[in-house]
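Colleague: I'd like to go through the charged pairs in this one. Can you take me through the labels and what stands behind them?

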Amino acid sequence: MTVWIVKLGGSLANSVELPKWLDVIATAGAGKVVLVPGGGPWADEVRIAQKREGFDDRIAHRKALRAMEQYGKELAGMRANLVPAAEIAEIQETLCNGRVAVWTPYEMVVADPAIPESWDVTSDSLAAWLTGRLRAQGLVLVKSVKLDGGGADAMEMVKRGWVDACFPRFVTAAGCAVHVMSRDGYQRFGRMLKPGIGIIAES
């Protein structure tokens with residue numbers, strides 16, 4: 001089974017491109033895609049609350065995981081073919097049934113003490129971590145960034161502010177290819193998912 005991990009940035013929440021991405025993922029990605037939600041506006045609320053209330057990064061990290069789950073459940077509610085899944089077995093079963101798994105990360109992430117509980121680990125690193133756990137073919141990051149057509153490795157992505165500080169570590173451990181796509185790349189992504197056509201990096 002060919003599996004792709006697709007992380008939809010929280011910046012796409014309420015955008016005109018989001019429904020178009022979900023259409024492509026729910027159709028061309030059926031049985032092939034595991035969708036990892038960003039934190040969306042809920043993660044921003046966690047950051048604001050931490051500054052206001054002063055709770056530590058461990059608590060903030062876990063609240064941010066719940067923010068990802070909230071956004072993921074919202075996404076799943078927008079298309080019938082998208083199904084929330086918390087564990088590897090659930091993800092695999094969903095894919096085998098020809099549907100798209102929307103990862104709800106809390107249980108898997110807090111169970112792994114090797115994952116730092118800080119803002120140095122965001123949904124980007126967690127998507128890379130999941131790619132390794134599933135031995136997926138590759139990781140696609142959909143972001144609201146301007147791509148210049150040139151390549152960017154993981155360290156360069158950190159420097160540009162596209163990903164969190166721990167991302168290179170998790171990508172290296174996963175041994176996966178990473179592809180960054182802009183928010184208007186949904187049609188291209190749909191073509192890439194067709195049999196016999198490989199993913200071509202935009203980053």
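Modeller: Sure, definition up front: a salt bridge is a side-chain nitrogen of Lys or Arg within 4 Å of a carboxyl oxygen of Asp or Glu. This is a predicted model, where local features need pLDDT of at least 70, side-chain atom pairs count only at pLDDT 80 or more, and totals for chains, interfaces and linings use all residues. Residues are numbered from 1 along each chain as its sequence is written, and side-chain values use heavy atoms, with hydrogens and water left out.

Colleague: What makes Glu-53 and Arg-52 a salt bridge?

Modeller: Their N to O distance is 3.0 Å, and the cut-off is 4 Å, so the pair qualifies.

Colleague: Why is Arg-52 called exposed?

Modeller: Exposed means over 50% relative accessible area, buried under 20%, and partly exposed in between (1.4 Å probe, protein chains only). Arg-52 has 58%, so it counts as exposed. Glu-53 is exposed too, at 52%.

Colleague: Which parts of the chain does the pair of Asp-23 and Arg-79 link?

Modeller: Asp-23 and Arg-79 form a salt bridge, with the closest N and O atoms 2.8 Å apart. The pair links distant parts of the chain: Asp-23 sits in helix H1 (residues 18-27), and Arg-79 in the loop between helix H3 (57-76) and strand E3 (82-85), 56 residues apart. Helices (H or I, at least four residues) and strands (E, at least two) are DSSP runs, numbered from the N terminus.

Colleague: And why is Asp-23 partly exposed?

Modeller: Its relative accessible area is 38%, which falls between 20% and 50%, so partly exposed it is.
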